Amino acid sequence: MRAPTTRDEVVDQLVEVGRLAVQRGLALASGGNLSARLPDDREFLVTAAGTWLDRLTPADLSVVTLDGEVTGGAGRPSTEWKLHQRSYLARPDVNAVVHLHPQHAVLVDALGHRIRLITLDHAAYVRSVGTVPYLPNGSDELANAAAEQLREHDCLVLSHHGCSTVGPDVGMAYRRALNLEEAATATYRALLLGDTTCTFPPEALGDLRHGPP
Ligand SMILES: [Zn+2]
């Protein structure tokens, strides 16, 4: 999946990631929502309210400006559209936001444990995990708190709710969500085995400066 140059390519990538995310159990049908900045930079596409992520069509995407005005597409955007809008405003380098409801990431956080990055992939793609306390979905408070955390992190856990990951394109935002959930699953298994400390070797983090493997 490469950086899209046209609106059709952006749509195709969102449709594909929606299908993959549900297939992998990172969201249940209509849980979660996806967005991507359009090539013109002032608008983004976001899944419309009530859409099923594994059955997205171009008609299921709303067009919203960075000011929050709905200008086209499917009409009423996801109730969580502000989470996406504030993310783009906070991070000009971000072109895609993937918000899903992955089970292990939410559970490990809810049980009071931090999600540990254990493998090379976790360390390279996730890098660090921010946490947003539980706030009502769709609220300004949640959207603003998430945007604040994005100043330091690309991967966030929204407590008792889901995750939000960002990237320069839909593919990278999705790979971050996948690796965040895999790190949470590994953390969960490590905890079951009684381990509370194992992480990727901190001294090896410097080797990752050239990007993901
Ligand atoms: Zn949600």
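In this predicted model, the hairpin of strands E3 and E4 makes a handy starting point. Four residues, written as 4 in the count, sit between the two strands, and Gly 68 in this hairpin takes a positive phi near 95°. E3 covers residues 61-65, while E4 covers residues 70-73. The two run antiparallel and are joined by 3 bridges. Within this pairing, Val 64 stands opposite Val 70 of E4.

E3 also has a partner in strand E2, residues 43-47. Here the pairing is again in the antiparallel sense, and it extends over 5 bridges. One of the facing pairs is Thr 47 with Leu 61, the latter belonging to E3. As a general point for anyone looking at strands like these, side chains in a regular strand alternate between the two faces of the sheet.

Next comes helix H2, which takes up residues 81-90. This helix is mostly covered, with 8 of its 10 residues buried. The buried set is made up of Trp 81, Lys 82, Leu 83, His 84, Gln 85, Arg 86, Ser 87 and Tyr 88. What do these buried residues of H2 pack against? Their partners include E2 and E3, the strands already met above, along with strand E1 (33-37) and strand E5 (96-100). Helix H5 (140-149) and strand E8 (162-167) are on the list too.

Then there is the largest nonpolar core, which has 59 residues. The members that touch the most others are Leu 14, Val 98, Ala 146, Cys 163, Ala 173, Ala 177 and Leu 180. Helix H6, residues 170-192, gives the most to this core, putting in 9 residues. Leu 180 is worth following a little further. Once its neighbours within four places in sequence are left aside, Leu 180 is in contact with Ala 105, Ile 115, Val 126, Val 129, Cys 155, Cys 163 and Thr 165.

Zooming out, the protein chain has 6 helices and 8 strands. Their order along the sequence is α-β-β-β-β-α-β-α-α-β-α-β-β-α. The radius of gyration is 16 Å, close to the 17 Å that the globule rule gives for 213 residues, so the chain is as compact as a globular protein of that length. The C-alpha trace spans about 50 × 35 × 30 Å along its principal axes. Of the 213 residues, 47% count as buried. Finally, among contacts with a separation of 6 or more, 64% link residues 24 or more positions apart.

Methods
Residues numbered from 1 in each chain as written. Predicted model: local features only at pLDDT ≥ 70, side-chain atom pairs only at ≥ 80, totals over all residues. Pairing = 2+ DSSP bridges. Buried ≥ 20, exposed ≤ 12 C-beta atoms within 10 Å, placed from the backbone. Contact = placed C-beta atoms within 7 Å. Core = buried A, V, L, I, M, F, W, Y, C linked by C-beta atoms within 7 Å. Rg over C-alpha atoms; globule rule 2.2 N^0.38 Å.
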